[in-house]
Structures are given as C-alpha cells and as structure tokens.
Amino acid sequence: MPGAEGIQVTAPRLPDAAADLQAALLRYFSGPWRFTRTMRGADELAIGEAVGEALFQPGDANQLRYQESGQL
C-alpha cells in the first residue's frame, strides 16, 4: 500500500501459554490434599494401605513437584 511505510503496528504480547498453564495447575492443586491408597498384589489382595497429606509445589518449567507425608 503506497504511503504505508511510515505506519508501525505493535501487536499485543500473547500470554506465555506454558507459564499460564503451570500457574493454573498450581492454583488448582494448591493447598493440602488428603489421600487414602490401598496397595494390591498381583492377586488383587490388599497388601497395605497409606493415608496422609499431599502438597504440590512449583518445580522446573511446566512441572509441579508432588510431596506426600503420612502413614503406611
């Protein structure tokens, strides 16, 4: 287009999708979670049970670190 050489358009910065996803996941999983888990052998018989609390914390890029504590 003649005369358009002097027009400069700056596009808005698009959000960093990876950072947004990690932040959304952290918000969803934040806070303590309680769990109860039954471990079963190959024959499907219960061989143990775990109960406790789990936490999710920021990890490396695009990762959340899972930490649990409780009793087995």
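Trace the chain from its N terminus: the elements follow the pattern α-β-β-β. That makes one helix and three strands. Keep in mind that this is a predicted model.

**Stop 1: the sheet.** Select β1 (33-40), then β3 (64-71). These are the edge strands, and each pairs on one side only. Now add β2, residues 46-58. The sheet is open, has three strands in the order β1-β2-β3, and its pairing is antiparallel. Look at the turn from strand to strand. Neighbouring strands are rotated by 40 degrees against each other on average, with direction ignored.

**Stop 2: the β2/β3 pairing.** Hide β1 and keep β2 with β3. How many bridges join β2 to β3? Eight, and the two strands run antiparallel. For one of the contacts to centre on, pick P58: its bridge partner in β3 is L64. Strands of a sheet pair through backbone hydrogen bonds, so a backbone display is the one to use here.

**Stop 3: the helix on the sheet.** Bring back β1 and select α1, residues 17-29. Which strands does α1 touch? The helix packs on the sheet and contacts β1, β2 and β3. Its direction makes about 130 degrees with that of β2.

**Stop 4: the aromatic rings.** Show side chains for Phe, Tyr and Trp. A search of the whole structure turns up six aromatic pairs. A pair of aromatic rings is described by the distance of the centres and the angle of the planes. Pick F29 and F56. Their ring centres lie 4.6 Å apart and their planes meet at 35 degrees, so this pair is tilted. Stacked would need planes under 30 degrees apart, and edge-to-face over 60.

Where do the two residues sit? F29 is in helix α1 and F56 is in strand β2, so the pair ties together parts that are 27 residues apart in sequence. Colour both by accessibility. F29 counts as partly exposed at 24% relative accessibility. F56 is also partly exposed, with a relative accessible area of 22%. Under 20% would be buried.

Widen the selection to Y28, F29, W33, F56 and Y66: ring pairs link these residues into a cluster.

**Stop 5: the whole chain.** Zoom out and switch on the surface. The accessible surface comes to about 6,300 Å², and 57% of it belongs to carbon and sulfur atoms. Buried residues make up 8% of the 72 residues in the chain. Finish with a contact map. Among contacts between residues at least 6 apart in sequence, 25% join residues at least 24 apart.

Technical notes
Residues are numbered from 1 along each chain as its sequence is written. This is a predicted model: local features need pLDDT of at least 70, side-chain atom pairs count only at pLDDT 80 or more; totals for chains, interfaces and linings use all residues. Side-chain values use heavy atoms; hydrogens and water are left out. Rings of Phe, Tyr and Trp (its six-membered ring) pair if their centres lie within 6.5 Å; planes under 30 degrees apart count as stacked, over 60 as edge-to-face and the rest as tilted. Helices (H or I, at least four residues) and strands (E, at least two) are DSSP runs, numbered from the N terminus. Buried means under 20% relative accessible area, exposed over 50%, partly exposed in between (1.4 Å probe, protein chains only). Two strands pair if DSSP finds at least two bridges between them. Axes are lines fitted to C-alpha atoms, for helices over the stretch in contact, and angles run from 0 to 180 degrees between N-to-C directions. Contact means heavy atoms within 4.5 Å. Accessible areas come from the Shrake-Rupley method with a 1.4 Å probe; for residues, only the protein chains shown count as cover.
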